[in-house]
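Subject: Structure handover

Hi,

Here is the structure I promised to pass on to you. Please open it alongside this message, and my notes follow below.

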Amino acid sequence: MARATFRIWRGDRGGGKLEDYSTEVSEGMVVLDAVHQIQAESAPDLAVRWNCKAGKCGSCSAEVNGNPRLMCMTRMSDLPLGEPVTIEPMKTFPPIRDLVTDVSWNFAAKRKIKKFKPRPPDAPDGTWRIAQEDVDRVQEFRKCIECFLCQDVCHVLRDHHLHEEFIGPRLLVYAAALEMHPLDIENRLPELRQSQGIGYCNITKCCTKVCPESITITDNAIIPLKERVVDEFYDPVKRLFRAFRG
Ligand code: SF4
Ligand code: SF4
Ligand code: FES
């Protein structure tokens, strides 16, 4: 057992500041355990959102020592305890209170993405035939737990606040899952290029690095979507075809 100092952001939409708390750290503890212990011992009004404590609900996202992390999956033994452990709410979204942020923008932006639209069934009994490799391709995207850590780290949202013009990596993964679905026949490319701002992504891969589900966000979702947009709108043969088609 060792005693450690935690520097936790306390405040609300109106502003806040870091406050120090001290608690015992025991073997096997994660950051969320320490936050709960601080709640129990010295800050009963400290707000923190969590549900599963198993890295699956995506609720406990925060910034630990400046890094976007799930608090329930961040082991205390991996942090240097000789200095205060800083815990702050995600910066890309407005704070509600303490470590809890308002992530509702993500759900509003998600609603604007065109829904799944399957082609007509392949067989008279109303079923489809799809290749396993096409299923495997989108399976990775379905692992997303909507923790929004990728949205938090993306500089387009975090630093440039282009929430109205760019849907961010999480929603590009969602769009990729739909666009690459073997049954889907909807075309989401015009919106991806315009109102959803895929061009703002300059492939820094910061989103991929922080994803707790290890989704290869940039290489497997964003880059293929960018290629489709380029093919659709900048391929000279396709442009000519569209011009003739009127
Ligand atoms: S790769 Fe694109 S989406 Fe991901 S963090 Fe960088 S700019 Fe944002
Ligand atoms: S893509 Fe990864 S980092 Fe982004 S919301 Fe989903 S699980 Fe979280
Ligand atoms: S509490 Fe569910 S992901 Fe951390």
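The shell around ligand 1 is made up of seven nonpolar residues, four polar ones and one charged one. Please keep in mind as you read that this is a predicted model. The residues that surround ligand 1 are C154, H155, P169, C201, N202, I203, T204, K205, C206, C207, T218 and I222. Two elements, α8 (206–210) and α9 (217–234), each give two or more residues to that shell. Of the shell residues, C154 is buried, with a relative accessible area of 12%.

Ligand 2 has a shell with another make-up: nine nonpolar residues, no polar ones and two charged ones. Around ligand 2 you will find C144, I145, E146, C147, F148, C150, R170, C211, P212, I215 and I217. Here C147 is buried at 8% relative accessibility, and F148 is buried at 4%. With cysteines in both shells, you may wonder how many disulfides the structure holds. The count is zero.

F148 also leads on to the aromatic residues. The structure holds four aromatic pairs. One of them joins F93 and F148, whose ring centres are 6.4 Å apart; the planes stand at 65 degrees, which is over the 60 degrees needed, so the pair counts as edge-to-face. This pair connects distant parts of the chain, 55 residues apart: F93 is in the loop between β5 (85–88) and β6 (95–97), and F148 is in the loop between α3 (132–139) and α4 (149–153). Both F93 and F148 are buried.

F148 pairs with F107 as well. Their ring centres lie 5.6 Å apart with the planes at 75 degrees, so this pair is also edge-to-face. F107 belongs to helix α2 (residues 104–111) while F148 is in the loop between α3 and α4, so the pair ties together parts 41 residues apart in sequence. What is the exposure of F107? At 35% relative accessibility, F107 counts as partly exposed. Ring pairs join F93, W105, F107 and F148 into a cluster.

Two charges over rings may interest you too. The charged end of K110 sits over the ring of Y174, at 4.7 Å from the ring centre. Likewise, the charged end of R193 sits over the ring of F233, 4.5 Å from its centre.

Next, helix α6 (residues 168–179). At 1.5 Å a residue, its twelve residues should span 16 Å, and the end C-alpha atoms are indeed 16 Å apart, so the two values agree. Is this helix enclosed or open? Eleven of the twelve residues of α6 are buried, so the helix is largely enclosed by the rest of the structure. Among the buried ones are P169 and R170; P169 is in the shell around ligand 1, and R170 is in the shell around ligand 2.

One last item concerns I96, which is found in strand β6. At 38% relative accessibility, I96 counts as partly exposed. The C-alpha atoms of I96 and A47 are separated by 9.1 Å, and the two residues are 49 residues apart along the chain.

Happy exploring, and best wishes!

Terms used. Residues are numbered from 1 along each chain as its sequence is written. Chains are lettered from A and ligands numbered from 1 in the order in which they are written. This is a predicted model: local features need pLDDT of at least 70, side-chain atom pairs count only at pLDDT 80 or more; totals for chains, interfaces and linings use all residues. Side-chain values use heavy atoms; hydrogens and water are left out. A residue is near a molecule or strand if one of its heavy atoms lies within 4 Å of it. Helices (H or I, at least four residues) and strands (E, at least two) are DSSP runs, numbered from the N terminus. Ala, Val, Leu, Ile, Met, Phe, Trp, Tyr, Cys and Pro count as nonpolar, Asp, Glu, Lys and Arg as charged, and the others, Gly among them, as polar. Rings of Phe, Tyr and Trp (its six-membered ring) pair if their centres lie within 6.5 Å; planes under 30 degrees apart count as stacked, over 60 as edge-to-face and the rest as tilted. Buried means under 20% relative accessible area, exposed over 50%, partly exposed in between (1.4 Å probe, protein chains only). A charge sits over a ring if NZ of Lys or CZ of Arg is within 6 Å of the ring centre and within 35 degrees of the ring normal. The expected span of a helix is 1.5 Å times one less than its number of residues. A disulfide is a pair of cysteine sulfur atoms within 2.5 Å.
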